Amino acid sequence: MEARNLSEKALGAAARYLQARGWELLDKAWECEEGRADVVAEDGDELVFASVAVRTDIKSGFPAEAVSPERFARMERVAACWLRDHDHPETRVRFDEVSLLVVSETHALMRHRLNAFSL
């Protein structure tokens, strides 16, 4: 499967999963000069920026292993851009990660880490 198509399918699956949990989806694949927010949503009283990672095998590691301090810093800058461009009331901001490991054409292992970038 083409990487772009795989990424789009993973993003769609993650968004459906979060909506099924009762989250209000505000943006998907939102871009600014600092990068991209895969999913921006409200989970109760928190504004969540969720990063979506997908891999087709574990040879290059599990999707969550792509998280680094540099990636988190970029996510913070993207969140600042999103807040600058949207009229959103003061709220708590959280950074989550949804990772998918594709195991077949029709199945994937999904993991959702809440507050994935906390210390």
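Which helix gives the largest share of the lining of the largest pocket? Helix 1 does, with five residues. The legends below walk through this predicted model, one view after another.

**View 1. The whole chain, a fold of two helices and five strands.** Followed along the sequence, the elements come in the order α-β-β-β-α-β-β. The radius of gyration is 14 Å, close to the 14 Å that the globule rule gives for 119 residues, so the chain is as compact as a globular protein of that length. Along its principal axes, the C-alpha trace spans about 40 × 30 × 25 Å. Buried residues make up 39% of the 119 in the chain. Take the contacts between residues at least 6 apart in sequence: 54% of them join residues at least 24 apart.

**View 2. The largest pocket, with about 320 Å³ of space.** Here you can look at a lining of 16 residues, of which Leu6, Lys9, Val102, Glu105 and Ala108 lie nearest the centre of the pocket. Helix 1 (3–20), strand 4 and strand 5 (108–113) each supply at least two residues of this lining. Sorted by class, the lining has nine nonpolar, four polar and three charged residues.

**View 3. His88, a loop residue between helix 2 (69–85) and strand 4 (92–102).** Is the residue buried or exposed? His88 has a relative accessible area of 19%, under the 20% cut-off, so it counts as buried. Setting aside residues up to four places away in sequence, His88 touches Leu26, Glu42, Leu47, Trp82 and Leu83. With one of these partners, Glu42, the side chain of His88 also makes a polar contact, side chain to side chain.

**View 4. Glu42, the strand 2 (residues 35–43) partner of that contact.** What distance goes with the polar contact that joins the side chains of Glu42 and His88? The value is 2.9 Å. Glu42 is partly exposed because its relative accessible area, 22%, falls between the 20% and 50% cut-offs. Beyond its neighbours within four places in sequence, Glu42 is in contact with Trp23, Glu24, Leu26, Leu47 and His88. Leu26 and Leu47 are worth finding in this view: they are in contact with Glu42, and His88 touches them too.

**View 5. Glu42 and Arg77, a pair to set in one frame.** How far apart are these two residues in space, C-alpha to C-alpha? They are 19 Å apart, with a separation of 35 residues in sequence.

Note on methods. Residues numbered from 1 in each chain as written. Predicted model: local features only at pLDDT ≥ 70, side-chain atom pairs only at ≥ 80, totals over all residues. Heavy atoms only, no water. Helix = DSSP H or I, 4+ residues; strand = E, 2+ residues; numbered from the N terminus. Buried < 20%, exposed > 50% of the residue type's maximum accessible area, 1.4 Å probe, protein only. Polar contact = N/O pair within 3.5 Å; in protein donor to acceptor, adjacent residues only side chain to side chain. Contact = heavy atoms within 4.5 Å. 1 Å grid on protein atoms, 1.4 Å probe; cavity = no way out; pocket = protein on both sides within 12 Å on 5 of 7 lines; lining within 4 Å. Points joined across faces, edges and corners; volume = space filled by probe spheres on them. Nonpolar A, V, L, I, M, F, W, Y, C, P; charged D, E, K, R; others polar. Rg over C-alpha atoms; globule rule 2.2 N^0.38 Å.
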